[in-house]
Amino acid sequence: MSLNGIFMLLVVAAVSYILITAALVYVQITAYRSIGNEEMFADFTASTRMTTALPTLKPFIYLTQTEECLPSNLVSTIGFNATQCNCDVIVLSYQTECTERKPAHVTYLFDPQSTWASGRNMLYFTALSRERGYHYYIFMDDDVTLTFNEFTPPEMKKVQPFRAVEEWLLDYEPAVGVLDYTVHHGAKWTFKRKQLLCHNNEFSLVLPTVRFDAIFHAFHYKAIGHILPYITSYDEQSWWVSALHIMAVFGAKIPRPSAAVCTCDRWKSHTSRLSKTTKCH
C-alpha cells in the first residue's frame with residue numbers, strides 16, 4: 001500500500017470512530033464538574049465500566065512496556081525502590097522475559113504476542129484486578145525522559161521532573177494529564193490556540209486540550225473506566241489508530257476539555273515500541 005493510501009486509511013479510521021463513538025455513547029451526567037481538589041465529578045453514571053476503587057496510600061501506578069527489563073531511564077525515576085517513588089509499577093516485557101532481581105513495588109508480565117494496544121490493555125486490567133486502587137493510572141512508553149521547560153517556576157525545580165509531575169497531578173487533578181511535547185500540540189502550541197480562540201493571555205501550569213500524544217497518559221481513577229480499554233480492531237493495519245481512538249472517546253464522553261497539559265515538564269521519545277514496530281500493510 002502506498003504512503004498516501006496508508007494515510008487515508010488512518011484518517012478514515014479515525015473519523016469513523018469519532019462519528020461512531022459520538023453516536024453510540026450513552027452517558028448520563030448529573031451535576032458535572034471538572035475533576036479537581038475543589039470540584040469533582042458528581043453522580044457520574046455511564047454504560048461503560050468505571051473504576052471506583054478508593055485510592056490507597058500509593059497514589060500512582062506506572063504502566064509501561066519494554067523489550068525485556070525496565071530501562072535505565074525509568075529505573076532511576078520509578079523503578080529503583082519504593083521510597084524513591086510513592087508508586088507501584090507494572091512492566092510488560094514483549095520480547096524476552098525479565099529475570100533480573102526487582103524491587104517489591106515492581107511487577108513483571110510477559111506476552112510476546114502483544115501489540116502496543118493489547119499490551120496496554122493487559123497492563124490496565126492487571127492494575128484493575130488489584131484490591132487496592134490508585135489515584136492515577138499512568139501509561140507511558142519506555143523511552144520517556146522528562147526535563148523542565150522554560151515555563152517551569154523555580155520552586156518546582158526543587159524536585160526531579162517525575163516528582164514534579166506527580167505533585168502537579170494531585171494539585172490540579174485533570175481527568176487526563178499529559179505533558180509538554182515540542183513535536184506537536186505542546187504547551188506553546190496549546191497556549192497560542194488559547195490566545196487566539198479565547199483571547200486569554202494568562203499563562204498557567206494547566207492548559208486544557210483535546211489533542212495529546214499517547215506516549216504519556218495519566219488517567220484519573222474516576223475517568224479511566226469511561227475512556228479505556230484501548231481499541232485493537234485496527235492493529236493489523238496500524239497501531240496508531242488506538243491512540244487516535246482514545247482522543248475520540250475522550251472528546252465524546254467528557255463534555256468539556258478536562259485533559260490538561262502540564263506546562264512545567266517536557267518529555268521526549270527516542271525509539272518507542274510504537275515508532276519501531278508500527279504495522280502498515
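**Entry 1: Overall make-up**

I began with the secondary structure and counted 8 helices and 11 strands in the protein chain. I note here that the model is predicted. I then looked up burial: of the 281 residues in the protein chain, 50% are buried. The exposed surface comes to about 13,500 Å², and carbon and sulfur atoms supply 56% of that area. I also looked up how far apart in sequence the contacting residues lie. Among contacts with a separation of 6 or more, 76% are between residues 24 or more positions apart.

**Entry 2: Helix α7**

I turned to helix α7, which runs over residues 240-253 and has 14 residues. From its first C-alpha to its last I find 21 Å, close to the 20 Å expected at 1.5 Å a residue. Is this helix enclosed or open? Because 10 of its 14 residues are buried, α7 is largely enclosed by the rest of the structure. I list the buried positions as V241, S242, A243, H245, I246, M247, A248, V249, F250 and K253. One of them, I246, is in contact with F219, a residue to which I return under the aromatic pairs.

**Entry 3: Salt bridges**

I searched next for salt bridges and the count came to 5. In general, side chains of opposite charge can pair when their charged atoms come close.

The side chains of K58 and D88 meet in one such bridge, at 2.7 Å from N to O. K58 lies in the loop between β2 (44-46) and β3 (60-66), whereas D88 is in strand β4 (residues 87-93), so the pair ties together parts that are 30 residues apart in sequence. I asked how exposed each partner is. K58 is partly exposed, with a relative accessible area of 24%, and D88 is buried, with a value of 3%.

D88 also forms a salt bridge with R132, at 3.2 Å from N to O. This pair links distant parts of the chain, since R132 sits in the loop between α3 (116-128) and β6 (136-140), 44 residues from D88 in strand β4. R132 is partly exposed, with a relative accessible area of 40%.

A further bridge joins E166 and R163, at 2.8 Å from N to O. Both residues are in helix α4 (residues 161-172), and being 3 residues apart they are separated by about one helical turn. E166 is buried, with a relative accessible area of 6%. R163 is likewise buried, with a relative accessible area of 12%. Which residues are joined into one network by salt bridges that share partners? I find K58, D88, R130 and R132.

**Entry 4: Aromatic pairs**

A search of the whole structure gave 8 aromatic pairs. W116 and Y230 form an edge-to-face pair, 5.5 Å centre to centre with 80° between the planes. This pair also links distant parts of the chain: W116 is in helix α3 and Y230 in the loop between α6 (224-227) and α7, 114 residues apart. W116 is buried, with a relative accessible area of 1%, and Y230 counts as buried at 3% relative accessibility.

For Y134 and Y137 the ring centres are 5.8 Å apart and the planes stand at 85°, so this pair is edge-to-face. Both Y134 and Y137 are buried. I also recorded one aromatic cluster, formed by W116, F139, F219 and Y230.

**Entry 5: Nonpolar cores**

In soluble globular proteins, nonpolar side chains tend to be buried together. I looked up the largest nonpolar core and found that it has 32 residues. Which of its members touch the most other members? They are L63, Y137, F139, F219, I227, L228 and Y230. The elements that give two or more residues to this core are β3, β4, α3, β6, β8 (176-180), α6 and α7. The largest share, 6 residues, comes from α3.

I then examined F219 individually, leaving aside its neighbours within four places in sequence. Its contacts are H135, Y136, Y137, F139, A175, V176, I224, I227, L228, Y230 and I246. Apart from the largest core lies another, of 29 residues, among them L74, C98, Y108 and L146.

**Entry 6: Points carried forward**

I close with two residues that recur in these entries. D88 has salt bridges to K58 and to R132. Y230 pairs with W116, belongs to the aromatic cluster and is in contact with F219.

Conventions:
Residues are numbered from 1 along each chain as its sequence is written. This is a predicted model: local features need pLDDT of at least 70, side-chain atom pairs count only at pLDDT 80 or more; totals for chains, interfaces and linings use all residues. Side-chain values use heavy atoms; hydrogens and water are left out. Helices (H or I, at least four residues) and strands (E, at least two) are DSSP runs, numbered from the N terminus. The expected span of a helix is 1.5 Å times one less than its number of residues. Buried means under 20% relative accessible area, exposed over 50%, partly exposed in between (1.4 Å probe, protein chains only). A salt bridge is a side-chain nitrogen of Lys or Arg within 4 Å of a carboxyl oxygen of Asp or Glu. Rings of Phe, Tyr and Trp (its six-membered ring) pair if their centres lie within 6.5 Å; planes under 30 degrees apart count as stacked, over 60 as edge-to-face and the rest as tilted. A nonpolar core is a set of buried Ala, Val, Leu, Ile, Met, Phe, Trp, Tyr and Cys residues joined through side-chain atoms within 4.5 Å. Contact means heavy atoms within 4.5 Å. Accessible areas come from the Shrake-Rupley method with a 1.4 Å probe; for residues, only the protein chains shown count as cover.
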